[in-house]
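Look at the sequence and the model below. Take a moment with the fold before reading on.

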Amino acid sequence: MKIVNFALLAGVAGMLAACGGSSVVEPTDLNDQRVFFAFNSAEISDEANDNLLGQSLYLKNHDDVKIQIAGNCDERGSTEYNLALGARRANAAKRVLVNDGIDSSRISTISYGKERPLVRGTGEDVWKYNRNATTTVK
């Protein structure tokens, strides 16, 4: 009887893990993979973390690939401030990959600050896309 209960509990635990688990998916290509950030933040969200773990899976399956992560900001703030924030965003994304086992020598970072907006315009509907870290294959 105890074995049956254990098997039942293990089955339920497996189903719960599948229902509430993360959505880590290996992309088919790393070029232009983006993770997005909140205003004035370099904190990695759960969604961004899942995206980066998918990128990590790709890198683990393609050990010859090197990447660059570019940190970007919206148009608010000074050039200097946004260059520093972009660097923090790129490095935060890199940290997730390195902590997941990717050799740091395969990842370079750069900050473009507010100089390369993904979407042109003004307002939160635009700015939310420009606050990102973008991965490209080198």
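This report walks through the overall layout, a helix pair, a salt-bridge network, some contacts across the chain, two backbone angles and a surface patch.

## Overall layout

The model is a predicted one. Its protein chain holds four helices and four strands. Along the sequence they follow the pattern α-β-α-β-α-β-α-β. The chain has 138 residues, and 35% of them count as buried.

## Two helices that cross

Helix α2 spans residues 46–61. Helix α3 covers residues 79–99. How do these two helices sit relative to each other? Their axes come within 9 Å and cross at roughly 55 degrees. That angle makes α2 oblique to α3. Angles from 65 to 115 degrees would count as roughly perpendicular, and angles under 35 degrees as roughly parallel. The crossing of α2 past α3 is right-handed.

## A network of salt bridges

How many salt bridges does a search of the whole structure find? The search finds six. The table lists three of them.

| Salt bridge | N to O distance |
|---|---|
| Arg131 with Asp74 | 3.3 Å |
| Arg76 with Glu124 | 3.8 Å |
| Arg131 with Glu124 | 2.7 Å |

Take Arg131 and Asp74, whose closest N and O atoms are 3.3 Å apart. The pair links distant parts of the chain, with the two positions 57 residues apart in sequence numbering. Arg131 is in the loop between α4 and β4, and Asp74 is in the loop between β2 and α3. Are these two residues buried or exposed? Arg131 is buried, and Asp74 is buried too. For Arg131 the relative accessibility is 5%, so this residue counts as buried. The cut-off for buried is under 20%.

Now take Arg76 and Glu124, which also form a salt bridge. They too link distant parts of the chain, at 48 residues apart. Arg76 is in the loop between β2 and α3, while Glu124 is in helix α4. Arg76 is partly exposed, because its relative accessible area is 28%. Glu124 has a relative accessible area of 39%, so it is partly exposed as well.

The side chains of Arg131 and Glu124 meet in a salt bridge as well. Shared partners join Asp74, Arg76, Glu124 and Arg131 into one network.

## Neighbours from afar

Residues can be far apart in sequence numbering and still be brought together in space. Three pairs follow.

Start with Ala70, in strand β2, which runs over residues 67–72. Ala70 has 8% relative accessibility, so it counts as buried. Ala70 and Thr136 are 66 residues apart in sequence. In space, their C-alpha atoms are 8.2 Å apart.

Next comes Thr122, in the loop between β3 and α4. Its relative accessible area is 59%, so Thr122 is exposed. The cut-off for exposed is over 50%. Thr122 and Arg76 are 46 residues apart in sequence, and their C-alpha atoms are 9.5 Å apart. Arg76 also belongs to the salt-bridge network.

Last is Gly101, in the loop between α3 and β3. Gly101 is exposed because its relative accessible area is 60%. Gly101 and Leu59 are 42 residues apart in sequence and 9.7 Å apart from C-alpha to C-alpha.

## Two positive phi angles

Which residue has a phi near 65 degrees? Asp32 does, and the value is positive in a residue other than glycine. Asp32 lies in the loop between α1, residues 2–20, and β1, residues 33–36. With a relative accessible area of 47%, Asp32 is partly exposed.

Asn40 is not a glycine either, and its phi is positive at about 55 degrees. Asn40 lies in the loop between β1 and α2. Its relative accessibility is 43%, so Asn40 counts as partly exposed.

## A nonpolar patch

Which residues make the nonpolar surface patch? They are Phe36, Leu118 and Tyr129, and the patch has an area of about 260 Å². Tyr129 is found in helix α4, which runs over residues 124–130. Tyr129 counts as partly exposed because its relative accessibility is 38%. Helix α4 also holds Glu124 from the salt-bridge network.

Methods
Residues numbered from 1 in each chain as written. Predicted model: local features only at pLDDT ≥ 70, side-chain atom pairs only at ≥ 80, totals over all residues. Heavy atoms only, no water. Patch = residues over 30% accessible without salt bridge, like charges linked within 9 Å, V, L, I, M, F, W, Y side chains within 5 Å. Areas by Shrake-Rupley, 256 points an atom, 1.4 Å probe, with all protein chains shown as cover. Salt bridge = Lys/Arg side-chain N within 4 Å of Asp/Glu carboxyl O. Buried < 20%, exposed > 50% of the residue type's maximum accessible area, 1.4 Å probe, protein only. Axes fitted to C-alpha atoms, helices over the stretch in contact; angles between N-to-C directions. Parallel < 35°, antiparallel > 145°, perpendicular 65-115°, else oblique. Left-handed = near helix turned anticlockwise from the far one by under 90°.
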